[in-house]
Every structure is written in C-alpha cells, then in structure tokens.
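Here are a few friendly notes to help you find your way around this structure. Have the viewer open as you read, and take the points in order.

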Amino acid sequence: MKGLTYIQRVSVMRILLDIIFADSKVDHREQLLFDQIASSLGLDETVKSDVENLNSLIALAQIHDFTLEQKKEFAKLMGMMIIVDKDINYNEVVIYNVVNDFCGIKIDFMLEDYSEYTMS
C-alpha cells in the first residue's frame, strides 16, 4: 500500500491485530503474515507499542479516509488475515464487516469461497 502516512500504516496493523485477537488465539501463521505485512509497510518491531496502543476507533477513522484503491488493498489484507490459519472465525468476519461498512469499502467477505476451511 503506497502513499500512507505513519499513522495510517499503524492503523492498518491495528485492525489486522484486532482480527488476529478476535478468536482469542494467535496462530503462528497469523503472526508470520502480520510480520510480513508490517515489513511491506516499512514497519518493524519498534512500532509494536504504537500498534498496540492505538485505539481501534481512531484506526477506523484513518482507514475511512483512504482512497478507494487503498481500501481495496486493505480489504485483501483483512481477508488474508482471516483465512491464513485455515479457520474462518465468526468474530473475524464480524470485524471485517464492521470495517467494510464504516469505511465504505463495499467488498464483501465471501464465505462460500472458502468451503474447504473450518468455521468457528
């Protein structure tokens, strides 16, 4: 995702962290993907506390102002985080839908595309 400010990149990571924590367990594949996305955004371990301390509503407000293209890219990242552990958790999808609705992303998460994964 190009052209994001520091707070916008931290906001992306905050919402992804919320998705990771939605099922009350952190799978190693989620952590690996999280680290890869952070790296691709030019973020490293030094921002961990900024991500953890950012209020999710502030993060949503930041993402709300993304361009349409940035929102589409972010929706893909959320979708990847939901499916990376091969289990689609209800709460993860709820977070996706809240972000989608509030930010006007208009890209539904299609459960039927992942029939081979478990649903919890």
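1. A term to begin with: a residue is called buried under 20% relative accessible area, exposed over 50%, and partly exposed in between. Please also keep in mind that this is a predicted model.

2. How does R29 rank on that scale, and how does D27? R29 has a relative accessibility of 30%, so R29 counts as partly exposed. D27 comes to 19%, and therefore counts as buried. The two residues form a salt bridge, and their closest N and O atoms are 2.8 Å apart.

3. The count of salt bridges comes to two. Besides the R29 and D27 pair, there is one between R14 and D18, with 2.5 Å between the closest N and O atoms. Both R14 and D18 are buried. Because they are four residues apart in helix α1, about one helical turn separates them. As a general point, side chains of opposite charge can pair when their charged atoms come close.

4. D18 deserves a second look. Its relative accessible area is 16%, so D18 is buried. Setting aside neighbours within four places in sequence, D18 is in contact with S56 and I95.

5. Next, the nonpolar interior. The largest nonpolar core has 37 residues, and V12, M13, L16, F74 and M78 touch the most other members. Two or more residues of this core come from each of α1, α2, α4 (56–64), α5 and α6 (90–103). Helix α1 gives the largest share, eight residues. To see M78 in its surroundings, look for I15, L16, I19, Y96, V99 and I105, which M78 touches when residues up to four places away in sequence are not counted.

6. Which residues lie nearest the centre of the largest pocket? They are Q31, F34, D35, E45 and K48, out of a lining of 16 residues. This pocket holds about 310 Å³ of space. Helices α1 (6–21), α2 (28–40) and α3 (48–53) each supply at least two residues of its lining. By class, the lining has ten nonpolar residues, one polar and five charged.

7. The second largest pocket holds about 170 Å³ of space. Helix α5 (residues 68–83) contributes the largest share of its lining, five residues. Among the lining residues are K72, A75, Y96, F109 and Y114. The lining divides into seven nonpolar, one polar and four charged residues.

Note on methods
Residues numbered from 1 in each chain as written. Predicted model: local features only at pLDDT ≥ 70, side-chain atom pairs only at ≥ 80, totals over all residues. Heavy atoms only, no water. 1 Å grid on protein atoms, 1.4 Å probe; cavity = no way out; pocket = protein on both sides within 12 Å on 5 of 7 lines; lining within 4 Å. Points joined across faces, edges and corners; volume = space filled by probe spheres on them. Nonpolar A, V, L, I, M, F, W, Y, C, P; charged D, E, K, R; others polar. Buried < 20%, exposed > 50% of the residue type's maximum accessible area, 1.4 Å probe, protein only. Contact = heavy atoms within 4.5 Å. Core = buried A, V, L, I, M, F, W, Y, C linked by side-chain atoms within 4.5 Å. Salt bridge = Lys/Arg side-chain N within 4 Å of Asp/Glu carboxyl O.
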